[in-house]
Amino acid sequence: MTIERAAEPFLLINKLVKEFDGVRAVNDVSVTINKGEIFALLGSSGCGKSTLLRMLAGFETPTSGTITLAGKDIVSVPPYQRPINMMFQSYALFPHLSVWDNIAFGLRRDGLPKDEIASRVEKMLSLVQLTDYAKRKPHQLSGGQQQRVALARSLAKRPQLLLLDEPLGALDKKLRERTQMELVSIIEEVGVTCVMVTHDQDEAMSMATRIAVMSAGRILQVGAPDEIYETPNCRFVADFIGSVNLFNGSVAVDEPDHVIIETPEGKHYVTHGITGTMGMPVSVAVRPEKIALQADEPAQEQRAKAEEHGYNCVQGTITGISYFGNETSYHVTLDSGMVLKVSRTNVARHDESALKRDQRVYAWWDGADVVVLTS
Ligand SMILES: Nc1ncnc2c1ncn2[C@@H]1O[C@H](COP(=O)(O)OP(=O)(O)O)[C@@H](O)[C@H]1O
Ligand SMILES: [Mg+2]
């Protein structure tokens, strides 16, 4: 877990635009990143993440907009004069140089005194736990170790801002999960502010203090991982992060503390107000793990008092079951034809109440566990 820090604005991106041949790869992006944050730009391929990062590094010139780092406008500052370092997906380690010399490379180029270089390299080696590997060449290291050398090299110059473009893209799944945690603890130990780019939502969720979800050059939502997951602000974000069921309907009751949404699948009682109007088309978003499944009709006592009988409860037939070990996911085909995704954690090894394919079931959820999306 990350420690809560007082938010101190450090990197201000304002109305940033980048056009390539008249096409906007980055389209009016404004965001403020705080000191010490690990900030993730998350989105599918081609949405403009790398272009945004490259403008921060100085490898691309913005078409318009400003970038302010620690109070200074850096748009006209050349890349090598920015207190910024970028680590590339391919690591770009020098194959003929040892680990030690790879880390020392930038420091030598900057003309630092010999003993200062030695002391920094030793410190970095110890930070990334590669002291015993200092004499090796990159090809004598595992993928994860190479990644740590690249990180050590990026940090050796003590940048104020570290940029990571798909930092773990070259690693397989198991190694990636371990390296994610290592990276976070190293970055936090150094205290460097970090902006990372990834298309992998798990990576963004597990590493970042905050995430910006991007689509077609724009930022759709910025928030902490749990905010993005539990309260997405639009259908795209709800659907992009994790798995979600969207019930499409309209507002039938609009009160400050609750709303009722009518959909072809029945009535939804939602225990929060919305910015909307009566009759407005909306979607109710329900995550698969928030839904309970059972063979018998749920008793009213089981459910929140505010909810009328029959609300937030649908009936259907189990048409698919996928077992993943830690959880099982179900497809429940409702009478309207909608296929509901439900997931259940497998707490016990043997589950007496195991549901079967073709079984009729009730699926229900709490009106506090959903969000209403208006866009
Ligand atoms: N140098 C370039 N010239 C022309 N188009 C580019 C250039 N760099 C990126 N683009 C385009 O800008 C869009 C965003 O690319 P990019 O920022 O690399 O996306 P991401 O990193 O999210 O996958 C893409 O449509 C890409 O083809
Ligand atoms: Mg990219």
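Below are some worked exercises on the structure above.

The model is predicted: local features need pLDDT of at least 70, side-chain atom pairs count only at pLDDT 80 or more, and totals for chains, interfaces and linings use all residues. Residues are numbered from 1 along each chain as its sequence is written, while chains are lettered from A and ligands numbered from 1 in the order in which they are written.

**Exercise 1: the whole chain**

Task: describe the protein chain by its helices and strands, its span and its two domains.

Solution. Begin with the elements: the protein chain has eight helices and 20 strands. Helices (H or I, at least four residues) and strands (E, at least two) are DSSP runs, numbered from the N terminus. Next, the span: along the principal axes, the C-alpha trace covers about 75 × 50 × 40 Å.

Then turn to burial. A residue is buried if 20 or more other C-beta atoms, placed from the backbone, lie within 10 Å of its own, exposed if 12 or fewer, and partly exposed in between. By that rule, 35% of the 375 residues count as buried.

Now the domains, whose bounds come from an automatic or database domain assignment. Domain 1 takes in 9–236 and domain 2 takes in 243–373. Their C-alpha centres lie 39 Å apart. Four residues of domain 1 are in contact with five residues of domain 2, contact being C-beta atoms, placed from the backbone, within 7 Å. On the domain 1 side, the touching residues are two nonpolar, one polar and one charged. Here Ala, Val, Leu, Ile, Met, Phe, Trp, Tyr, Cys and Pro count as nonpolar, Asp, Glu, Lys and Arg as charged, and the others, Gly among them, as polar.

**Exercise 2: the open sheet**

Task: work out the strand order of the six-stranded open sheet, and say why one side of β6 and of β10 is left without a neighbour.

Solution. Read the order as β6-β7-β8-β3-β9-β10, with mixed pairing. Two strands pair if DSSP finds at least two bridges between them. β6 (84–87) and β10 (218–223) stand at the edges with a single partner strand each, so one side of each has no neighbour in the sheet. From one strand to the next, the twist averages 20°.

Now look at β8 and its partners. Strand β3 (residues 38–42) pairs with β8 (residues 193–198) in the parallel sense over five bridges. Ile38 stands opposite Cys194, and Ala40 has Met196 as its bridge partner. β7 and β8 also run parallel, joined by five bridges, with Asp165 opposite Val197.

How many residues of β8 are buried? Six of its six residues are. Thr193, Val195 and Val197 lie on one side and Cys194, Met196 and Thr198 on the other. In a regular strand the side chains alternate between the two faces of the sheet.

**Exercise 3: helices α2 and α4**

Task: find what α4 lies across, and what the buried residues of α2 pack against.

Solution. Helix α4 (residues 143–156) lies across β6 and β7 (161–165), running at about 170° to β6. Axes are lines fitted to C-alpha atoms, for helices over the stretch in contact, and angles run from 0 to 180 degrees between N-to-C directions. In helix α2 (residues 99–109), Val99, Trp100, Asn102, Ile103, Ala104 and Leu107 are buried. The buried residues of α2 pack against α3 (114–127) and α4. Just after α2, Gly111 takes a positive phi of about 75°.

**Exercise 4: two positive phi values**

Task: are Arg158 and Asn312 buried or exposed?

Solution. Most residues other than glycine have a negative phi. Arg158 has phi near 50° and is found in the loop between α4 and β7. Arg158 is exposed, because 11 other C-beta atoms lie within 10 Å. Asn312 has phi near 55° and is found in the loop between β15 (292–294) and β16 (313–323). Asn312 counts as buried, because it has 24 C-beta neighbours inside 10 Å.

**Exercise 5: the ligand shell**

Task: list the residues around ligand 1 and sort them by class.

Solution. The shell consists of Phe20, Ala25, Gly43, Ser45, Gly46, Cys47, Gly48, Lys49, Ser50 and Thr51. A residue is near the ligand if its C-beta atom, placed from the backbone, lies within 6 Å of it. By class there are three nonpolar, six polar and one charged residues. Helix α1 (residues 49–57) gives the largest share, three residues.

How values were computed. Two residues are in contact if their C-beta atoms, placed from the backbone, lie within 7 Å.
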